[in-house]
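Grab a coffee and work through these short exercises at your own pace. Try each task yourself before you read its solution.

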Amino acid sequence: MSPTRILTGLGGHGVAAVFDTGKDGPTVLFRAELDGLPIEERNDIAWSSLTNGKSHVCGHDGHMTMLLALGRMISRQPVACGRVILMFQPAEEDGSGAKAVVADPAYQEIQADWAFAIHILPGRPFGHVSTCAGLINCASLGLKIKLGGKTAHAADPEDGISPAQAVAELIPALDALGQGGSLDANFRLVTITHVKIGEPSFGVAPGEAEIFATLRTTGDEGMEHLETMARTLAVTAAE
Ligand SMILES: [Zn+2]
């Protein structure tokens, strides 16, 4: 059995292969991500990235290979009823791809009754699959805080507005919002991933700063709450 249809350009770069048996039954979707990361891969494994400065270090190349293998199995041993969709989803890393695919009008034709995905996990023995009841991965949100002030000569810092003090306050305050712990409804984790103040010089008092933080919760409600608290902290520190 070959795919009865192949949809391309779904939500950007998404590709969906549709195996339609023409018989009544559920639509079951299996999904793999397509995207890589702007990270240079430094190793000499056979499947190492060939593109300078970019690689599949989150394992999405492995996920695509698994999904293609499932396609090969279905072509050799067709399913009895309903439809199977192999969904290659773009832009997983920044969270925008799934939303864009689902919002694409073409997706309405392949809406799934069931959707399945897996993610590789380093450290598991070869050939093993792990799962558990309930939640496995957290919701995550990237928060970018940009603080704007005014640069000044380092000899006259009082002529400028430096964001350094606000950054110094924000780092422990953001950290304190979410300390992790067990994965229950109250789980909150804030990880500061990047901080920059001014430029690397000795002559200029900084006029701008940025902080990147990743927020993690076990549900959407908790995320809304955590995001609001983080935003409030940023606004208060900037005043
Ligand atoms: Zn990933």
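Below are four exercises, each with a worked solution.

Before you start, note that this is a predicted model, in which local features need pLDDT of at least 70, side-chain atom pairs count only at pLDDT 80 or more, and totals for chains, interfaces and linings use all residues. Residues are numbered from 1 along each chain as its sequence is written, and side-chain values use heavy atoms, with hydrogens and water left out.

**Exercise 1. Find the aromatic pair and describe its geometry.**

Step 1: Look for rings of Phe, Tyr and Trp (its six-membered ring) whose centres lie within 6.5 Å; planes under 30 degrees apart count as stacked, over 60 as edge-to-face and the rest as tilted. The structure has 1 such pair.

Step 2: The partners are Phe30 and Phe116, with 5.7 Å from centre to centre and 25° between the planes, and they count as stacked.

Step 3: Place both partners, taking strands as DSSP runs of E with at least two residues and helices as runs of H or I with at least four, numbered from the N terminus. Phe30 sits in strand S3 (residues 27-33) and Phe116 in strand S5 (residues 114-117), so the pair ties together parts 86 residues apart in sequence.

Step 4: Check accessibility, where buried means under 20% relative accessible area, exposed over 50% and partly exposed in between (1.4 Å probe, protein chains only). Phe30 is partly exposed at 26%, and Phe116 is partly exposed at 43%.

**Exercise 2. Which protein atoms are donors of the zinc ion?**

Step 1: Search for N, O and S atoms within 2.8 Å of the metal (3.2 Å for Na, K and Ca); water is not among the atoms, so sites may look incomplete. You should find Cys58 (SG), His60 (NE2) and His119 (NE2), lying 2.2 Å from the zinc ion.

Step 2: Write out the donor spacing, which is C-x1-H-x58-H. His60, in helix H1 (residues 60-76), and His119, in the loop between S5 and strand S6 (139-148), link distant parts of the chain, 59 residues apart.

Step 3: Compare their surroundings: His60 is buried at 0% relative accessible area, whereas His119 is partly exposed at 36%.

**Exercise 3. Describe the setting of Ala139.**

Step 1: Ala139 belongs to strand S6 and is partly exposed, at 27%.

Step 2: With contact meaning heavy atoms within 4.5 Å, Ala139 touches Leu215, Arg216, Thr217 and Met223, not counting residues up to four places away in sequence.

**Exercise 4. How are the domains placed?**

Step 1: The domain assignment, automatic or from a database, gives domain 1 (5-117) and domain 2 (139-238).

Step 2: Taken over C-alpha atoms, the two domain centres are 35 Å apart.
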